[in-house]
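Please look through the structure below. The text after it takes one residue and then one sheet in turn.

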Amino acid sequence: MKRLVLAFALIATPALADGPIEVHLKNHKFSPSVIKVKANKPSMIILYNDDDAADEFDSSSLKIERVVPGHAKANIRVRALAPGKYPFMGEFHAATAQGVVIAE
C-alpha cells in the first residue's frame, strides 16, 4: 500500500527545477503539466514529443515558440522569471496540450 501511495504522489507532484525538467508530450497532453521553477533563476525544459505528429511549445508569457517534431526532443531555455504563473500550450493541439510554469 505504501508503494501505491508513493507512486501516486510522484505522479501527482509537479516537476521541480533543481536541474533540467523533463516534460513529455503524449496523446497531445503535457506530463507533468505543472512545472515549478525557482523565481529569478533561469531553467531548462527538455521536451520529449512522444506523439507521431509535430507540435509547437508556445507561450506568449514566457516568450517561447518552439516546434518539436514527432518522436524528437528539444531543449527549451526559460529565462529568469519573476514570481508568478506562466501558461503554455501545444499550439497545434491547444484544446488538450495545456500547462503552466509556476515561478516561486
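Which backbone oxygen does the side chain of Ser59 reach? In this predicted model, the side chain of Ser59 comes to 2.7 Å from the backbone oxygen of Pro87. The side chain of Ser59 also makes a polar contact with a second partner, the side chain of Ser61, at 3.3 Å.

To place this residue in the chain, find strand β6, which covers residues 55-59 and holds Ser59. Is Ser59 buried or exposed? Its relative accessibility is 3%, and buried means under 20%, so Ser59 counts as buried. Leaving aside residues up to four places away in sequence, Ser59 touches Ile64, Pro87 and Phe88. Pro87 therefore appears twice in this account: as a residue that Ser59 touches, and as the owner of the backbone oxygen that the Ser59 side chain reaches, in the surroundings of a residue that counts as buried at 3% relative accessibility.

Now turn to the sheet. Four strands form an open sheet with mixed pairing, and their order is β3-β2-β5-β8. At the edges stand β3, residues 29-31, and β8, residues 72-78, each of which pairs on one side only. From one strand to the next, the twist averages 25°.

How do strands β2 and β5 pair, in the parallel or the antiparallel sense? Strand β2, residues 21-26, and strand β5, residues 43-49, pair in the parallel sense, over five bridges. To follow this on the model, find Leu25, which stands opposite Asn49 in β5.

Key:
Residues numbered from 1 in each chain as written. Predicted model: local features only at pLDDT ≥ 70, side-chain atom pairs only at ≥ 80, totals over all residues. Heavy atoms only, no water. Pairing = 2+ DSSP bridges. Helix = DSSP H or I, 4+ residues; strand = E, 2+ residues; numbered from the N terminus. Axes fitted to C-alpha atoms, helices over the stretch in contact; angles between N-to-C directions. Buried < 20%, exposed > 50% of the residue type's maximum accessible area, 1.4 Å probe, protein only. Polar contact = N/O pair within 3.5 Å; in protein donor to acceptor, adjacent residues only side chain to side chain. Contact = heavy atoms within 4.5 Å.
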